[in-house]
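Please read the following walk through one protein model with the coordinates open alongside. The text goes from a pair of helices to the sheet, and then to individual residues.

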Amino acid sequence: MLAHHVLFWLKADTTEDQKAAFRIGLEGLEAIETVEAFHIGTPAPIDRAVVDTTYSFSLILFFSDLEGHDVYQVHDLHKAFLDEFRGLFEKVIIYDAH
């Protein structure tokens, strides 16, 4: 199993309509055939020094293996998502774990 966790910080001037479209775009990534499990989130209201709540969206994808992840990376749906929404990103951090 491989977990692919992506944290997105959207630009400060991102509108609510753009955020809604961004979330729909994230939801579309679930259709990629190698995605085993999927979660989209926003920061939970937890106030602890070790919890980062500065990001805009969290995406966690699970793949059965590294090959499934590699298929996802070059998939047309993933590339289309990036082409459409990368202009909204202020910052992106990815954590991959197996």
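**Helix pair, sheet and selected residues**

H2 and H3 are oblique to each other. This is a predicted model, and the angle in question is about 50°, between helix H2 (residues 66-74) and helix H3 (residues 76-85). The axes of H2 and H3 are 5 Å apart. An angle of about 50° is oblique because it falls outside the ranges for roughly parallel (under 35 degrees), roughly perpendicular (65 to 115) and roughly antiparallel (over 145). On the H2 side the contact is made by Tyr72, Gln73 and Val74, and on the H3 side by Asp76, His78 and Lys79. Sorted by class, the residues in this contact of H2 with H3 are 2 nonpolar, 2 polar and 2 charged.

The next element is the sheet. It is open and has 4 strands, in the order S2-S3-S1-S4, with antiparallel pairing. Strand S2 (37-41) and strand S4 (89-97) are the edge strands, each pairing on one side only. Direction ignored, neighbouring strands of this sheet are turned by 10° against each other on average. Strands of a sheet pair through backbone hydrogen bonds, either parallel or antiparallel.

The pairings can be followed across the sheet from S2. S2 and S3 run antiparallel and are joined by 5 bridges; here Ala37 stands opposite Phe62 in S3. S1 pairs with strand S3 (residues 57-63) in the antiparallel sense over 7 bridges. For this pair, the partner of Ala3 in S3 is Phe62, that of Val6 is Leu59, and Leu2 stands opposite Phe63. Phe62 thus appears opposite Ala37 and as the bridge partner of Ala3. On the other side of S1, the antiparallel pairing with S4 extends over 8 bridges, and His5 has Tyr95 in S4 as its bridge partner.

How covered are the strands S1 and S3? S1 is mostly covered, with 8 of its 9 residues buried. S3 is also described as mostly covered, with 5 of its 7 residues buried.

His4 gives a local view of strand S1, where it is found. With a relative accessible area of 3%, His4 is buried, because the cut-off for that class is under 20%. Not counting residues up to four places away in sequence, His4 touches Leu59, Ile60, Leu61 and Phe63, as well as His69, Tyr72, Gln73, Ile94, Tyr95 and Asp96. Of these, Tyr72 and Gln73 also belong to the H2 side of the contact with H3. The side chains of His4 and Asp96 are joined by a polar contact of 2.5 Å. His4 and Leu59 are 55 residues apart in sequence, yet their C-alpha atoms are 8.0 Å apart in space.

A second histidine, His39, lies in strand S2. Its relative accessibility is 43%, so His39 counts as partly exposed. With neighbours within four places in sequence left aside, His39 is in contact with Ser58, Leu59 and Ile60. The separation of His39 and Phe62 is 23 residues in sequence and 9.1 Å in space, C-alpha to C-alpha.

Two threonines in loops complete the picture. Which loop holds Thr34? Thr34 lies in the loop between H1 and S2, and at 16% relative accessibility it counts as buried. A polar atom of the Thr34 side chain lies 2.8 Å from the backbone oxygen of Gly68. Beyond its neighbours within four places in sequence, Thr34 is in contact with Phe62, Phe63, Gly68, Val71 and Tyr72. Tyr72 is one of the residues that His4 touches.

Thr14 is placed in the loop between strand S1 (2-10) and helix H1 (16-28). Is Thr14 buried or exposed? Thr14 is buried, its relative accessible area being 7%. The side chain of Thr14 has a polar atom 2.7 Å from the backbone oxygen of Lys11. Apart from neighbours within four places in sequence, the contacts of Thr14 are Lys19 and Leu88.

Definitions and conventions
Residues numbered from 1 in each chain as written. Predicted model: local features only at pLDDT ≥ 70, side-chain atom pairs only at ≥ 80, totals over all residues. Heavy atoms only, no water. Buried < 20%, exposed > 50% of the residue type's maximum accessible area, 1.4 Å probe, protein only. Polar contact = N/O pair within 3.5 Å; in protein donor to acceptor, adjacent residues only side chain to side chain. Contact = heavy atoms within 4.5 Å. Axes fitted to C-alpha atoms, helices over the stretch in contact; angles between N-to-C directions. Nonpolar A, V, L, I, M, F, W, Y, C, P; charged D, E, K, R; others polar. Pairing = 2+ DSSP bridges.
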